[in-house]
Amino acid sequence: MILNTQLIRDSISGTFDLLLSGGVDSEIMLRCFVELKIPVNVFIFQYENNYNAFDVANAKKLCEELNITPTVIDFNLEKFFE
């Protein structure tokens, strides 16, 4: 994953955005960016009614551990699917 992340950095210019879900896949990607010191904007979707409260808590904890300030986006999942 580290090599793939470096390849992405070498192929694309600018700052990267990462949607951190609180799951393992996005955590690994974030850790790769941090390990390689590649700047990344981190976003966390927080669904109304706490539908994803567990995942949001994991994502926020990871950001705190890595000293990253994420942008938390409040999202109404029910309205989205209407």
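Is Y47 buried, partly exposed or exposed? With a relative accessible area of 27%, Y47 is partly exposed. The legends below concern a predicted model, and Y47 returns in the third view.

**View 1. Overview of the predicted model, with four helices and three strands.** Read from the N terminus, the elements follow the order α-β-α-β-α-β-α. The C-alpha trace spans about 40 × 25 × 20 Å along its principal axes. Of the 82 residues in the protein, 26% are buried. The exposed area of the protein is about 5800 Å², and 54% of this area is supplied by carbon and sulfur atoms. Among the contacts between residues at least 6 apart in sequence, 67% join residues at least 24 apart.

**View 2. Surroundings of T5 in helix α1.** Helix α1 comprises residues 2-11, and T5 is placed within this helix. T5 is buried, its relative accessible area being 0%. This value meets the criterion for burial because buried means under 20% relative accessible area. The side chain of T5 reaches the backbone oxygen of M1 at a distance of 2.8 Å. When neighbours within four places in sequence are left aside, T5 is in contact with M29, C32, F33, L36 and I38.

**View 3. The aromatic cluster of F45, Y47, F75, F80 and F81.** These residues form one cluster, and the number of aromatic pairs counted in the model is five. One of the pairs consists of F45 and F75, which are arranged edge-to-face, at 5.3 Å centre to centre and with 70° between the planes. F45 belongs to strand β2 (residues 40-47) and F75 to strand β3 (residues 71-75); the pair thus links distant parts of the chain, 30 residues apart. F45 is partly exposed at 29% relative accessibility, and F75 is likewise partly exposed, with a relative accessible area of 22%. A further pair is formed by Y47 and F75, which are tilted, with 5.8 Å from centre to centre and 50° between the planes. Y47 lies in strand β2 and F75 in strand β3, so this pair ties together parts that are 28 residues apart in sequence. The tilted label applies because planes under 30 degrees apart count as stacked, those over 60 as edge-to-face and the rest as tilted. F75 thus takes part in the pair with F45 and in the pair with Y47.

**View 4. Surroundings of I38 in the loop between α2 and β2.** I38 is buried, with a relative accessible area of 7%, although this residue is found in a loop. Not counting residues up to four places away in sequence, I38 touches T5, R9, F16 and F33. The contact with T5 connects this view to the second one, in which I38 is listed among the partners of T5. F33 is a contact of I38 and also a contact of T5. I38 and T15 are 23 residues apart in sequence, and their C-alpha atoms are 8.2 Å apart in space.

**View 5. Two residues with positive phi, K37 and N50.** K37 is not a glycine, yet its phi is positive, at about 60°. K37 lies in the loop between α2 and β2 and counts as exposed, at 72% relative accessibility. I38 is found in the loop between α2 and β2 as well, but I38 is buried. N50, also a residue other than glycine, has a positive phi near 55°. The place of N50 is in the loop between β2 and α3 (53-65). At 58% relative accessibility, N50 counts as exposed. The label applies to K37 and N50 because exposed means over 50% relative accessible area.

**View 6. A nonpolar surface patch made by M1, V24 and I28.** The area of the patch is about 280 Å². I28 is found in helix α2, which covers residues 24-35. I28 is partly exposed, with a relative accessible area of 36%. M1 contributes to this patch, and the backbone oxygen of M1 is also the atom reached by the side chain of T5 at 2.8 Å.

Definitions and conventions:
Residues are numbered from 1 along each chain as its sequence is written. This is a predicted model: local features need pLDDT of at least 70, side-chain atom pairs count only at pLDDT 80 or more; totals for chains, interfaces and linings use all residues. Side-chain values use heavy atoms; hydrogens and water are left out. Helices (H or I, at least four residues) and strands (E, at least two) are DSSP runs, numbered from the N terminus. Buried means under 20% relative accessible area, exposed over 50%, partly exposed in between (1.4 Å probe, protein chains only). A polar contact is a pair of N or O atoms within 3.5 Å; within protein, one must be able to donate a hydrogen and the other to accept it, and residues adjacent in sequence count only if both atoms are side-chain atoms. Contact means heavy atoms within 4.5 Å. Rings of Phe, Tyr and Trp (its six-membered ring) pair if their centres lie within 6.5 Å; planes under 30 degrees apart count as stacked, over 60 as edge-to-face and the rest as tilted. Patches are made of residues with over 30% relative accessible area and no salt bridge: like charges are joined within 9 Å, nonpolar side chains (Val, Leu, Ile, Met, Phe, Trp, Tyr) within 5 Å. Accessible areas come from the Shrake-Rupley method with a 1.4 Å probe; for residues, only the protein chains shown count as cover. A salt bridge is a side-chain nitrogen of Lys or Arg within 4 Å of a carboxyl oxygen of Asp or Glu.
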